[in-house]
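This report is meant for a reader who is meeting the structure for the first time. It begins with one pair of charged side chains and then widens to the rest of the chain.

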Amino acid sequence: MINTPPAVEPLRSRDGDRDRRGGEDTAAGGMLFDRSGVTSAMLEQVIEASLSGICIVDQQGRIAFANRALLAAWGYDRQELVGKPADLLWLSRRDGPDCVGCALSTRRWGGTVVARRKDSSLFDARISVSTVRDPKTADTWLLLSCLDVTMQRTAENASGHRRDLERAIAAMPARFMDPARIDMAIDDSLEDLGRACGACRISLSLFNDPRTLLGTTHEWCMPGQKPGRGEFQKFLTSDLPWWAVRILEGETVLVDGKPGDRRMPGREREFLKRRGITATLMVPLRLETRVVGFVGVDRDTDGRFADEDVALLDAAVHIIAGALERKQSEYVFRESENLYQIVLDAITDAVTVVDTGLTILLANDAFVAWCEELGLETNVAGKNLFSVLPFLSPATRQQYERVIRTGRSLTSERSFKVGDRIITLREIRIPIFERGEVTRVITVVRDITAQKEVEDLKSKAYAQIERNMEQFALLADHIRNPLQAITGYAELMDDPGTTEKIRQQVQRINAIIDQLDERWAESRKLSMFWRRYS
């Protein structure tokens with residue numbers, strides 16, 4: 001843009017002069033830039049060398065001179081403009097500003113107008129108008145400096161919509177935090193992405209496993225567009241459309257109807273015509289490295305997808321794919337969880353499934369009933385094992401860490417104090433592997449407190465029986481010793497009949513004691529058998 005400096009001499013006309021460039025007649029008989037021919041030629045060269053379009057307008061609003069930059073921008077020849085109203089270069093006063101009138105009244109005007117080329121096409125132009133007065137004739141001339149700002153505005157708009165696209169992508173991860181709202185999050189994200197990149201439609205489409213069916217599951221489209229959500233396309237696996245083949249090969253497909261490498265312009269133009277759009281971008285969507293669908297972005301206006309836009313949309317598709325993977329994993333887990341729950345509830349022992357952070361994922365009815373019996377919390381799913389069972393010792397945590405680290409099962413038996421009770425638990429911890437790593441641990445807990453109490457009573461009973469048998473053996477010896485004394489004393493008596501009777505009674509008592517000894521030996525063997533096998 002050129003503003004007229006104060007040193008510029010006033011302009012005046014001479015009849016009969018001709019344009020130095022082409023020899024055409026100028027308005028009012030020609031234009032001279034100065035009284036000196038040297039100065040005139042120099043000033044004209046300066047104006048012609050300007051990158052801005054410059055024209056000189058008289059006070060009646062007629063164009064007296066236009067440089068080559070202006071002629072090129074508007075598509076006119078010089079003879080087509082000279083003598084014509086300056087309003088020819090932009091929209092009429094009714095539709096645009098009165099640049100000439102404003103400049104004549106305020107001596108200067110600047111702004112942006114909607115310019116009109118010779119072929120009636122419109123573009124944005126920044127106009128700077130200043131007045132120049134001839135001190136000798138008092139004539140006032142207008143010097144217009146014009147600059148096409150269409151490309152600048154296009155760049156600004158592109159930068160602006162790219163910022164909108166970046167903001168739309170930055171807002172996506174927060175939407176996908178809640179798996180229950182993933183469908184709504186996808187719809188909201190598609191709307192933001194579509195508006196940011198100037199699309200008339202943006203949709204998520206998924207293939208079935210045999211690749212014979214393609215369905216649109218999520219979509220946003222501008223008003224007036226026919227919604228395609230819920231529609232399906234059937235394919236033959238032996239005759240897939242060319243664009244579907246490229247998508248399934250993991251290639252991002254850009255269709256704009258123009259020829260390119262490995263493209264057939266005819267089929268692309270037919271594809272766009274059939275869909276009523278001017279361009280489309282299809283970004284593959286992968287789940288666990290496998291292409292399962294794509295996000296399609298359609299435009300019905302001029303303009304191509306910039307490489308930066310394609311890269312940003314690819315990042316957005318990766319975010320959507322990550323959310324779908326989490327939802328799919330959760331669905332599979334929930335399905336298996338229902339089966340696990342049925343199996344676990346059939347087990348009478350308390351069973352829990354925890355992750356590596358010791359968060360309870362599953363617990364069977366026996367575990368919940370056991371917690372209720374101990375007066376503990378029964379709503380245990382999703383809570384930390386140590387908060388549900390606060391009596392667990394640090395050694396228990398170390399055992400879990402050992403199972404996760406080594407991947408080997410571990411059996412333990414420990415006693416814990418819960419309130420005023422002492423309970424004894426036998427636990428078996430079994431690791432669950434996923435992709436070679438321990439991701440969960442199943443724990444089978446059996447409360448053996450009653451069993452331990454019975455075993456303690458049995459041990460005490462066995463000990464008491466042993467003591468009684470030992471006392472019985474000693475008692476037999478204590479009986480035999482007096483009998484020997486009685487026998488000796490009877491032998492010393494003078495009455496043979498009495499002596500014989502005493503001897504017979506002693507033998508009878510000894511026989512009874514011998515029988516008791518035999519029964520003691522048998523009881524001893526039976527006690528040892530009980531201790532070994534009970």
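## A salt bridge between two strands

In this predicted model, the side chains of Arg-201 and Asp-298 come together in a salt bridge, with a distance of 3.9 Å from N to O. Arg-201 belongs to strand 8, which covers residues 201-207, and Asp-298 belongs to strand 13, which covers residues 290-299, so this pair ties together parts of the chain that lie 97 residues apart in sequence. Arg-201 is buried, its relative accessible area being 14%, and Asp-298 is also buried, with a relative accessible area of 3%. Both values fall under the 20% that sets the limit for a buried residue.

Side chains of opposite charge can pair when their charged atoms come close. The structure holds 18 salt bridges, and a few others are described below.

## A network around Asp-298

Asp-298 also forms a salt bridge with Arg-275, where the closest N and O atoms are 3.0 Å apart. Because Asp-298 lies in strand 13 and Arg-275 in helix 9 (residues 265-275), this pair ties together parts that are 23 residues apart in sequence. Arg-275 is partly exposed, with a relative accessible area of 40%, whereas Asp-298 is buried at 3%. Through salt bridges that share partners, Arg-201, Glu-219, Arg-275 and Asp-298 are joined into one network.

Another salt bridge links Glu-251 with Arg-246, and here the closest N and O atoms are 3.1 Å apart. Glu-251 counts as partly exposed, with 22% relative accessibility, while Arg-246 is buried, with a relative accessible area of 12%.

## The chain as a whole

The protein chain has 15 helices and 18 strands, and buried residues make up 37% of its 534 residues. Its accessible surface comes to about 30500 Å², and carbon and sulfur atoms account for 53% of that surface. When contacts between residues at least 6 apart in sequence are considered, 48% of them join residues that are at least 24 apart.

## Two nonpolar cores

In soluble globular proteins, nonpolar side chains tend to be buried together. In this model the largest nonpolar core has 34 residues, of which Leu-193, Leu-285 and Ile-320 touch the most other members. The elements that give two or more residues to this core are helix 5 (150-170), helix 7 (182-196), strand 8, strand 12 (279-287), strand 13 and helix 10. Helix 10 gives the most, contributing eight residues. Strand 8 and strand 13 are thus named here as contributors to the core, and they are also the strands that hold Arg-201 and Asp-298.

If residues up to four places away in sequence are not counted, Ile-320 touches Met-172, Phe-176, Ile-186, Leu-190, Leu-204 and Leu-285. A second, separate core consists of 27 residues, among them Ala-363, Phe-367, Val-403 and Phe-416.

## A nonpolar patch on the surface

Nonpolar side chains also occur on the surface, where Ile-342, Val-343 and Ile-347 form a patch with about 270 Å² of accessible area together. Ile-347 is placed in the loop between helix 10 (307-345) and strand 14 (350-355). With a relative accessible area of 34%, Ile-347 is partly exposed.

## Two polar residues and their surroundings

Ser-412 is placed in strand 16, which covers residues 410-418, and at 9% relative accessibility Ser-412 counts as buried. The side chain of Ser-412 is joined to that of Arg-429 by a polar contact of 3.2 Å. Leaving aside residues up to four places away in sequence, Ser-412 touches Gln-399, Leu-425, Arg-426, Glu-427 and Arg-429.

Glu-500 is found in helix 15, which covers residues 496-533, and Glu-500 counts as partly exposed at 34% relative accessibility. The side chain of Glu-500 makes a polar contact of 2.5 Å with the side chain of Arg-503. Glu-500 and Ala-490 are ten residues apart in sequence, and their C-alpha atoms are 8.1 Å apart in space.

Notes. Residues numbered from 1 in each chain as written. Predicted model: local features only at pLDDT ≥ 70, side-chain atom pairs only at ≥ 80, totals over all residues. Heavy atoms only, no water. Patch = residues over 30% accessible without salt bridge, like charges linked within 9 Å, V, L, I, M, F, W, Y side chains within 5 Å. Areas by Shrake-Rupley, 256 points an atom, 1.4 Å probe, with all protein chains shown as cover. Salt bridge = Lys/Arg side-chain N within 4 Å of Asp/Glu carboxyl O. Helix = DSSP H or I, 4+ residues; strand = E, 2+ residues; numbered from the N terminus. Buried < 20%, exposed > 50% of the residue type's maximum accessible area, 1.4 Å probe, protein only. Polar contact = N/O pair within 3.5 Å; in protein donor to acceptor, adjacent residues only side chain to side chain. Contact = heavy atoms within 4.5 Å. Core = buried A, V, L, I, M, F, W, Y, C linked by side-chain atoms within 4.5 Å.
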